[in-house]
Amino acid sequence: MLKKVAILANGGDVSGFNAVIRAIVKTAENNNVECYGFIDGYNGLLKNEYERLSTSNCSVASGILPKGGSIIGSSTNANVFNYKVEENGQVVYKDLSDICVQNIKDDGFDCLFTLGGDGTQKSARDFSTKGVNIIGVPKTIDNDVACTEITFGYNTAVSVAAEALDRLHTTGETHHRIMVLEVMGRYAGWIALESAIAGGADIALIPEIPYDINKAVEKINQRKNAGKNFSIVVVAEGAAPQGGSITIASTRDNGIGVDNTKLGGIGQIVAKELEKLTGLEARNTTLGYMQRGGTPTAFDRVLSTKYGAKAMELALEGKFGVLTVIKNGKLDYVSLEDVVGNNTKIGAVSGNTAESNIRKITMDHDLVKTALNIGICLGN
Ligand code: F6P
C-alpha cells in the first residue's frame, strides 16, 4: 500500500514543472497518499531537505498551475553518483548515492518521482538499480528525452520563440534587415525547427544538419531578387558549420559526468557572416532564458497534468523504474532502461554529455519534410 511519496524537480527549469507537481499531489490526495517535495532536486535528496505538498488550506501546492519555475526549486548538474566535494582543501568526486537511498528509506517514502531531462532520468535509472521505487516524468525545453514524442516545457519554449519571430518580422521588414534569432535546445534542433515553421522563418540552422553559409546566402539573395529585402533566420545554439564545431560561450566545473559547457554565440557569428556576404544589414537576438520562464501554454498545462496524473497512477499500480511518455500520440510509459539506451554505466555519466542517449531530429521527421516543402532553407 502506497502511503507516502516524494517528488523532485531537477535540471534547468521549464514552464510546466508546477503543473506536474500539482497533478501528482491531486492524484495522490484522491487516493489518500501523502506527498512531499525535495528542495532543489537531487541536492535536496542528498541533504534530506523536503517539505509537505498539499492542496488543502491554501497550502503550497495550491494555485500553482499557471506559475512558471518550480515551487520546490531545481538543481542543474547535480550528479550524486559523482558529486563534487572539497576535502582538506582538495576537490574530490564521490559517489554519495547511498546517502540518498538511506534518506528515502529513513523518511519512509514509498516512491520517488523524478521530474527532469536525460541526466535526471539517467540518475533515476541508476537509483532504480539500487532498489529505489522511482518513476520519471520527462521535462526539458530541448525536447530531447529518448522514448517520448514530447517533453513538458517544450511547447511553451516554441511558443515564446514563435512570438519573438513575429516581432522580429515586423522590425526586419521595416528596416530591410536580416534578423537572426538564436534559440536554445542544446544538441538538438527541435525548438529551432518548430519555431521556424510556426514563426514563418526563411532559414533554420540546426545541430542535426551542419550548415553551409552559402546556402543561406543563396536563399536570402533569391528573396532579394523577388523583391523581399529582409529575411528571418533561426539558429539553434548547437548549430555548427560543415567541418566546423559548436560555439561554446563558457565552460564551468560542476563535476564529473555532467555537461560543463554553456553553448551560445552562433547567432552573432551567423549574422555577421550573412551581413558580409549579402550586403544587407543583419542583427542577432539571443532569446535565452525567456524560453524557460513564465506561465506554461495551455498545451503544456494539459501535457504536464497528464504526465503527473499518469505517474501517480503508475505508482498506485506498483509500476516502478519507468518513465511516463507520449508514444504514438498516447499517454504511456517505458522502462528507464530503454531511456538510457547504451549509456548503462552506473553513475559515471549523467546528462547532456557525448554518452547521453538523447533524441535528435531525424531527416525523415515531418518537421524536416514540412520545412523543405515550404522552402525553408536548412543550410544544406
Ligand atoms: O537543457 C535546457 C537548457 O535551457 C538548454 O537549452 C541550454 O543550453 C541550457 O539548458 C542552459 O543551461 P544553464 O541553465 O545551465 O545556463
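A polar contact here is a pair of N or O atoms within 3.5 Å. Keep that cut-off in mind for the ligand site of this predicted model.

Start at Glu237. An N or O atom in the side chain of Glu237 sits 2.6 Å from an oxygen atom of the ligand. That distance falls within the 3.5 Å cut-off, so the pair counts as a polar contact. Two arginines also reach ligand oxygen. For Arg252, a polar side-chain atom is 2.8 Å from an oxygen atom of the ligand. For Arg292, the corresponding distance is 2.9 Å. On its own, the ligand has 400 Å² of accessible area, and the protein covers 89% of that.

Now look at the whole shell. Besides Glu237, Arg252 and Arg292, the ligand is surrounded by Ile141, Asp142, Met184, Gly185, Arg186, Lys262 and Tyr289. By class, the shell holds six charged residues, three nonpolar ones and one polar one.

Turn next to the four-stranded sheet. This sheet is open, its pairing is parallel, and its strands follow the order E9-E10-E8-E13. Strand E9 (203-205) and strand E13 (282-286) are at the edges. Each has a single partner strand, so one side of each lacks a neighbour in the sheet. From one strand to the next, the twist averages 20°. Strand E8, residues 178-183, runs parallel to E13, and five bridges join the two. To find one of them, locate Met179: its bridge partner in E13 is Arg283. Helix H5, residues 154-175, lies across E8, E13 and strand E10 (231-236). The helix runs at about 165° to E8.

The other sheet to trace has seven strands. It too is open, but its pairing is mixed. The order reads E3-E2-E1-E6-E7-E14-E15. Strand E3 (50-53) and strand E15 (330-335) form the edges, and each pairs on one side only. Ignoring direction, neighbouring strands of this sheet are turned by 30° against each other on average.

Within this sheet, follow strand E6 (residues 111-116) and strand E7 (residues 134-138). The two pair in the parallel sense over five bridges. Thr114 makes a useful landmark, with Gly136 in E7 opposite. Helix H4, residues 118-129, packs on the sheet and touches E6, E7 and strand E14 (322-327). The direction of H4 makes about 160° with that of E6.

Finally, pick out helix H9, residues 298-316. Helix H9 lies across strand E1 (4-9), E6, E7, E14 and E15. Relative to E14, H9 runs at about 135°.

Definitions and conventions. Residues are numbered from 1 along each chain as its sequence is written. This is a predicted model: local features need pLDDT of at least 70, side-chain atom pairs count only at pLDDT 80 or more; totals for chains, interfaces and linings use all residues. Side-chain values use heavy atoms; hydrogens and water are left out. A residue is near a molecule or strand if one of its heavy atoms lies within 4 Å of it. A polar contact is a pair of N or O atoms within 3.5 Å; within protein, one must be able to donate a hydrogen and the other to accept it, and residues adjacent in sequence count only if both atoms are side-chain atoms. Accessible areas come from the Shrake-Rupley method with a 1.4 Å probe; for residues, only the protein chains shown count as cover. Ala, Val, Leu, Ile, Met, Phe, Trp, Tyr, Cys and Pro count as nonpolar, Asp, Glu, Lys and Arg as charged, and the others, Gly among them, as polar. Two strands pair if DSSP finds at least two bridges between them. Axes are lines fitted to C-alpha atoms, for helices over the stretch in contact, and angles run from 0 to 180 degrees between N-to-C directions. Contact means heavy atoms within 4.5 Å.
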